Every structure is written in structure tokens, then in C-alpha cells.
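Reader: I would like to learn how to read a predicted model feature by feature, with the general idea set out before the particular case. Could we work through one together?

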Amino acid sequence: MSLHGTRAAALLAWVNSTKVCPDPLNDLSQLQDCSVFIRIIQKIHRNKEGESVLEQPLPERISFVRGFLQKHCRQKFATENLIPAQKLLDGDEVTLAKVAVLLLYHTSMSCKSPGDWNEFDYKTQVELASILKFVLDNEESLNENLEPFLQRKALPSSSGTSSSSSSVFEEHSPLLSVPQKREVRFLELQRIASFPSTNNMLPSPPSSPMGDIMQTPQFQLRRLKKQLAFERENRDELEVEVAESRKLLMEKEAQISMMQQRIDRLAKQNEKEAADQLEPKEMEELREKNESLLGRLHEAFRQCQDLRTEKAQMDRKINQLSEENGDLSFKLREIGSHMVQLQEALNELSEEHNAALAQSQEKQGQLEKELHVALQDKKSLEEKIEILQGKISLLEDQLAKLQESSAQEKGEVMGDVLKLEELKQEVSSLTAKGTELQATVLRLEEEKQLREAALQSERGRFEEEKQQLGGLVTSLQSSLSESHQARERLEQDLQARDAKGQA
């Protein structure tokens with residue numbers, strides 16, 4: 001089955017937006033040599049290994065791309081099954097599209113801001129957003145579901161993914177009211193996410209489909225989890241570097257000790273040779289050798305002193321870095337715990353909201369049905385009244401003519417009068433019933449308007465709470481950014497120390 005045209009076009013538009021090619025691509029098959037993928041990795045993720053890989057044969061380039069996805073995308077899939085090397089070598093378009101999808105997802109997760117997506121038209125943004133939403137919902141089943149998703153417009157019902165790209169936003173739009181319990185639950189959300197950060201600014205409303213999907217709590221929480229995992233791995237690497245640094249310091253201590261012993265041996269040998277009675281020529285040679293050894297001795301002492309000073313400084317730095325690393329680890333664990341609580345509370349809030357929405361929609365439908373029936377009855381009564389009024393007018397005309405007739409026809413006239421009185425009573429009864437029905441219609445219409453106004457008010461409240469939830473997520477992200485900055489400082493200090501050690 002061939003690729004879905006709209007999704008393929010959206011992926012090509014995103015690849016062209018990276019501007020790594022001199023000329024825009026117009027077909028996914030142009031990605032077969034993997035050079036565009038490598039340039040995207042090199043540009044967006046500042047990977048310096050790409051330059052040398054571009055000069056290597058295609059199998060090595062494929063291995064580099066697959067290795068990057070395996071290491072950085074951190075999805076729960078087996079790269080060998082999802083992106084087979086042989087299919088990339090053969091230029092299979094579906095496999096090339098899979099690589100583009102994973103790079104789009106990783107780039108969106110790695111960026112600190114949604115970026116300027118306005119260069120894409122609305123249809124392309126909707127398609128890119130649907131791709132991101134699909135990966136979010138199918139992380140554990142990409143091996144089975146990604147290829148069908150790229151090949152056709154709708155997935156099977158078991159995939160758990162919406163059948164059209166517009167449903168991406170329906171899940172995150174404020175709809176109707178939720179019970180009073182929701183307000184209490186939302187206070188818990190504020191308490192959970194109010195820990196270290198002081199950033200109370202609410203995020204600005206998204207202005208594009210891509211902005212919408214990247215500002216949803218689901219996407220923000222997934223990004224935080226991804227960054228937390230990355231921070232934990234970097235922390236482990238830094239701990240390994242600290243251990244290696246301690247080992248290097250111990251080796252330098254051993255070298256200092258060996259040099260000191262050698263200096264002592266040279267000094268004793270020099271004293272012993274100076275005490276011996278030798279010929280003037282040999283004395284001159286020994287004097288020169290002695291001066292040379294003394295110079296080396298002074299240099300060795302200077303190096304020893306420098307090493308001791310450097311060792312003391314590095315010990316202080318290691319202690320400081322260890323304390324910072326402990327603080328960072330505690331903060332990461334605390335953020336992870338808060339995010340779990342926030343996700344659970346958000347899930348409960350969504351369930352309550354969906355239940356209230358279903359109840360409100362059912363009530364709204366019932367009101368509209370009753371109003372429709374009442375309007376039909378009103379219309380029918382109005383038609384009956386109009387017919388009876390016509391009959392009354394006709395009988396009144398006939399009655400007037402009969403009254404002008406002879407006396408023997410008086411009995412017939414009385415009969416028509418009774419017939420006429422009955423019609424008037426029927427009209428009066430129908431008019432009263434119509435008045436009552438009109439009041440019912442007005443009551444139903446008023447109740448419908450009040451219901452719609454209440455629903456609109458609840459929509460506004462839910463939108464406000466959604467924005468506040470976005471603020472809470474931003475607060476967590478700010479805390480994560482502070483942890484990231486601390487890790488960068490730690491890494492810079494270690495790099496500076498390693499540079500000194502190698503010198």
C-alpha cells in the first residue's frame with residue numbers, strides 16, 4: 001500500500017523547512033541516501049559527527065541515523081523492527097517516512113519553544129499535529145501501528161487513535177461543565193505544582209494547530225518526562241566522570257611520590273660522588289652533571305608543588321560538584337513525583353468533565369425534542385382555529401340570510417344558531433389550549449436559552465482552568481530548566497578540569 005499523500009506532503013514540507021538542502025525536495029525517495037537526515041541531526045541537534053559520516057558509504061550513514069534514533073528518541077520500540085536497515089538501503093518510502101516522523105517528534109520534544117510554525121499552511125500544520133499526536137498515543141505500539149498510519153487516512157478502532165487529524169484538538173478543547181468536585185480537584189493541582197518555581201505567568205493562547213498540540217498538558221508532560229530521563233542519564237555520566245577524576249588524581253599522587261623518591265635518590269648519589277676524590281676532568285663532568293640534576297630537581301619540586309595545589313583545588317571542586325549533584329538528584333526525583341500526581345489528577349479531571357459533558361448533551365437534546373413537539377402542536381392548533389373561524393364566518397353569513405326568510409323556516413334558523421354556538425365554544429377551547437401551548441413553548445425556549453448560557457459560562461471556566469494547568473506545567477518546566485542549567489555548570493567545570501589534567 002502506498003503512502004498517504006497528505007501526510008507524505010506534510011513530512012516533506014517539514015524536511016524542507018529545516019533548510020539543509022540547497023533545493024527543496026518534492027518526493028520522499030530523494031531522502032534515500034540519508035544525507036538530508038544526517039544534516040538535520042547535525043543542524044538541529046548540533047551533532048559534529050555528521051560531517052565525517054557524510055563522506056562514508058551508505059551503510060555507514062544508515063547505521064549513524066539508526067544509532068541516533070535508538071539513543072535519543074527513547075521510544076519503546078525496537079529499531080531493528082521499526083526501521084530495518086535493509087529497507088533503508090532499498091529506499092523504501094514508508095521506512096524513509098518513519099525516519100522523518102521520528103526526527104520530527106524528537107525535534108519537537110527537544111526544542112524549548114514551539115518555534116515559528118506560521119511558515120506552514122493550516123492544512124500542513126493540522127497534518128503535522130496529527131502525526132505528533134499519533135506518536136504520543138502509540139509510543140508502545142509504533143512497530144504495529146506507524147506503518148498503517150502512514151499508508152491510510154484512518155487507523156483500525158483498536159489503535160486508540162482518532163480517525164481524522166481534526167480530532168487532535170477535540171481532546172484538548174474546553175467543552176462543557178463538570179461537577180462541583182472538579183473545582184476542589186483543581187485546587188489540588190495548584191498545590192501539587194506550586195513547589196520551587198515562582199513563575200505565575202500564564203502561557204499565551206496557541207495561535208496554530210502545531211502550537212495547540214505542543215501546548216497541551218499531554219505533550220508538555222511527555223516533554224518533561226523525556227527531559228528528566230535525559231537529565232538522569234547525564235547525571236549518571238557525570239558521576240562516572242567524577243569517579244574517573246578521582247582515579248586520575250590518585251594516579252597523579254602516585255606519580256608525585258615516585259618523582260620525589262627519584263629526586264631523593266639523585267640527591268644522595270650527587271652527594272656521594274662529590275665526596276669522592278676524582279680527577280679534575282671527571283670533577284668538571286660531575287659538576288656539570290650536578291648542575292643539570294639540580295636544575296631538574298628544582299623543576300621537579302616546582303611541578304610537585306603545582307600538582308599539590310591543583311589537587312587541593314580539584315578536591316574542593318569535587319566536593320562542591322558532589323553537593324550540587326545531590327541537590328540536582330533530589331530535585332529531579334521531586335519533579336518526577338509531582339508530575340505523576342499531576343498526571344493522575346489531570347486524568348480524573350478529564351473523566352469528570354467527559355461525564356458532565358455527556359449528561360449536559362443528553363439534557364440539551366431532550367429540551368430541543370420537547371420544544372420541537374410543542375411547536376408542531378402549536379402549528380396544528382393554529383391551523384384548526386383558522387379552519388373553524390372560516391366555518392364560523394360562513395355560518396354567520398348563512399344565518400343572516402335565513403333570518404330574512406319566512407317564519408316557517410324559524411326552526412332551521414335555530415338549528416344553525418346551535419350549530420354556530422358549538423363552533424364558537426370549540427374555537428374558544430382551542431384558543432385557550434393554544435394560549436397554554438404558547439406559554440409552554442415560551443417556557444421551553446427560555447429554559448433552552450438559560451441552559452445554553454450556563455453551558456457557555458462553564459466552557460469559559462474550563463478554558464480558564466486549562467490555561468492555569470498550562471501555567472502549572474510551565475512552572476514544572478521552569479524548575480526542570482533550572483536543573484538543566486545546574487547540570488550544564490557541572491559539566492563545564494568537569495570539562496575544564498579534564499582539560500587541565502590532560503595538559
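Reader: Let me begin with a single residue: is Thr431 buried, partly exposed or exposed?

Author: Burial is read from the relative accessible area, where under 20% counts as buried and over 50% as exposed. Thr431 has a relative accessible area of 37%, and it is therefore classed as partly exposed. This residue belongs to helix α15, which covers residues 410-502, and its C-alpha atom is separated by 8.4 Å from that of Glu382, although the two residues are 49 apart along the chain.

Reader: Before going further, what is the mean pLDDT of the chain, and which residues have a pLDDT below 50?

Author: The model is a predicted one, so confidence deserves attention before any local detail is read. The mean pLDDT of the chain is 76, and 80% of its residues reach 70 or more. Over residues 154-206, however, the pLDDT is below 50, and this stretch has 115 contacts in the model beyond near neighbours in sequence.

Reader: How many helices and strands does the chain have?

Author: The chain has 15 helices and 0 strands. Of its 503 residues, 40% are buried, and among contacts with a separation of 6 or more, 80% join residues that are 24 or more positions apart.

Reader: How should I read a single helix, and what span does α1 have from end to end?

Author: In general, an α-helix has 3.6 residues a turn, so residues three or four places apart point the same way. Helix α1, residues 5-17, has 13 residues that should span 18 Å at 1.5 Å a residue, and its end C-alpha atoms are indeed 18 Å apart. The buried residues of α1 are Arg7, Ala8, Ala10, Leu11, Leu12, Trp14, Val15 and Ser17, and the elements that cover them include α2, α7, α8 and α9.

Reader: How many residues of α8 are buried, and what caps its N-terminal end?

Author: Helix α8 runs over residues 122-137 and reaches 22 Å from its first C-alpha to its last, close to the 22 Å expected for its 16 residues. Of these 16 residues, 13 are buried, which leaves the helix mostly covered. Its N-terminal end is capped by Asp121, where a side-chain oxygen lies 3.3 Å from the backbone nitrogen of Lys123.

Reader: At what angle do α1 and α8 pack, and which residues make the contact?

Author: Two packed helices are described by the angle between their axes and the distance between the axes. For α1 and α8 the angle is about 95 degrees and the axes are 9 Å apart, so these two helices are roughly perpendicular to each other. On the α1 side the contact is made by Thr6, Arg7, Ala10, Leu11, Ala13 and Trp14, and on the α8 side by Lys123, Thr124, Glu127, Leu128, Ser130 and Ile131.

Reader: And at what angle do α7 and α8 pack?

Author: The angle between α7 and α8 is about 85 degrees, with their axes 10 Å apart, which makes α7 roughly perpendicular to α8. Val101, Leu104, Tyr105, Ser108 and Met109 of α7 make this contact with Leu128, Ile131, Leu132, Val135 and Leu136 of α8.

Reader: Taking Ser108 from that list, is it buried or exposed, and which residues does it touch?

Author: Ser108, which has its place in helix α7, counts as buried because its relative accessibility is 2%. Not counting residues up to four places away in sequence, Ser108 touches Trp117, Leu132, Met214, Phe219 and Arg223. A polar atom of the Ser108 side chain also lies 2.9 Å from the backbone oxygen of Leu104.

Reader: Turning to backbone angles, what is the phi of Lys19 and of Cys34?

Author: Most residues other than glycine have a negative phi, and most peptide bonds are trans. Lys19 has a positive phi of about 55 degrees although it is not a glycine, and Cys34 has a positive phi near 65 degrees. Lys19 lies in the loop between α1 and α2, and Cys34 is found in the loop between α1 and α2 as well. Lys19 is exposed, with a relative accessible area of 60%, whereas Cys34, at 1% relative accessibility, counts as buried.

Reader: How many residues of α2 are buried?

Author: In α2, 7 of the 10 residues are buried, so this helix is largely enclosed by the rest of the structure. The buried residues are Ser35, Val36, Phe37, Ile38, Ile40, Ile41 and Gln42, and α2 is followed by Arg46, whose phi is positive, near 55 degrees.

Key
Residues numbered from 1 in each chain as written. Heavy atoms only, no water. Helix = DSSP H or I, 4+ residues; strand = E, 2+ residues; numbered from the N terminus. Expected span 1.5 Å × (residues − 1). Buried < 20%, exposed > 50% of the residue type's maximum accessible area, 1.4 Å probe, protein only. Polar contact = N/O pair within 3.5 Å; in protein donor to acceptor, adjacent residues only side chain to side chain. Contact = heavy atoms within 4.5 Å. pLDDT = per-residue confidence, 0-100. Axes fitted to C-alpha atoms, helices over the stretch in contact; angles between N-to-C directions. Parallel < 35°, antiparallel > 145°, perpendicular 65-115°, else oblique.
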